[in-house]
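Me: Please take a close look at one part of this model, the nonpolar patch on its surface, and set that part against the whole protein. Which residues make the patch, and where do they come from?

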Amino acid sequence: MPREIPPPKHAPIHPLWMRITHWLNALAVLVLVTSGWRIYDASPLFGFEIPASITLGGWLGGALQWHFAAMWLLAINGLVYLALNVASGRLWRKFFPLSPAGVWQDALAALRGKLSHADPRRYNNVQRLAYLFVMVDITVLVLSGLVLWKSVQFANLRDLLGGYELARRIHFFAMAALVAFVAVHLVMVALVPRTLLTMLSGHGKETA
């Protein structure tokens, strides 16, 4: 594998297309989660409901409209994000190599408060795993969502996911995993606030 050539110092840490797709994804996820909670309350899978005050849509029909609109935004924007990552080579540079040993070492360092964030251009192994996981998780969300939306039209996909009811549970747990990722992501941004600045402006400053 050829040696990676470091980008010029004046180059943005995150390219413009990455920042745009990131914030569009954030908007889509916010709408999907809050409208999805309202849809869940209409037919709960488990013995609890989501407080109506943090849901979106007001009623089932309104929530479904918001949910479908955000679904298309997430799916199309996600495809653009993935395609540009692959085409630019960013996917391989940013997220690989990745190994269980590297993840374990960086996770232990994070728990001890010794994980370095000196270079905002480089993801540690835990970040790489988390971002790759969320890509897969969103794919599962979209596929299971298609089954719930058009079960007859996507009969083969429905059967692949184990039927409609199992697809509902897969969709629920995939969404729960996405919410957990967002929660951890926000905590990490709070701990290292300059990461937010790099996502807003594309530029940042490395620390020693």
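Reply: The accessible surface of the protein, in what is a predicted model, comes to about 12,700 Å², and carbon and sulfur atoms account for 72% of that area. On this surface, a nonpolar patch of about 520 Å² is made by Trp72, Ile76, Val80, Leu84, Trp149 and Phe154. Helix α2, which spans residues 60-88, supplies the largest share of the patch, namely four residues. Val80 is one of the residues that make the patch, and Val80 lies in helix α2. With a relative accessibility of 38%, Val80 counts as partly exposed, because that class covers values between 20% and 50%.

The setting of the patch is a protein with eight helices and zero strands, so that the pattern read along the sequence is α-α-α-α-α-α-α-α. Of the 208 residues in the protein, 37% are buried, and among contacts between residues at least 6 apart in sequence, 67% join residues at least 24 apart.

For a contrast with Val80, consider Asn125, which lies in helix α5, residues 125-149. Asn125 has a relative accessible area of 11% and is therefore buried, the cut-off being under 20%. Leaving aside residues up to four places away in sequence, Asn125 touches Pro97, Leu98, Ser99, Gly102, Val103 and Asp106. Helix α5 runs from residue 125 to residue 149, and Trp149 is among the residues that make the nonpolar patch.

Technical notes
Residues are numbered from 1 along each chain as its sequence is written. This is a predicted model: local features need pLDDT of at least 70, side-chain atom pairs count only at pLDDT 80 or more; totals for chains, interfaces and linings use all residues. Side-chain values use heavy atoms; hydrogens and water are left out. Helices (H or I, at least four residues) and strands (E, at least two) are DSSP runs, numbered from the N terminus. Buried means under 20% relative accessible area, exposed over 50%, partly exposed in between (1.4 Å probe, protein chains only). Contact means heavy atoms within 4.5 Å. Patches are made of residues with over 30% relative accessible area and no salt bridge: like charges are joined within 9 Å, nonpolar side chains (Val, Leu, Ile, Met, Phe, Trp, Tyr) within 5 Å. Accessible areas come from the Shrake-Rupley method with a 1.4 Å probe; for residues, only the protein chains shown count as cover. A salt bridge is a side-chain nitrogen of Lys or Arg within 4 Å of a carboxyl oxygen of Asp or Glu.
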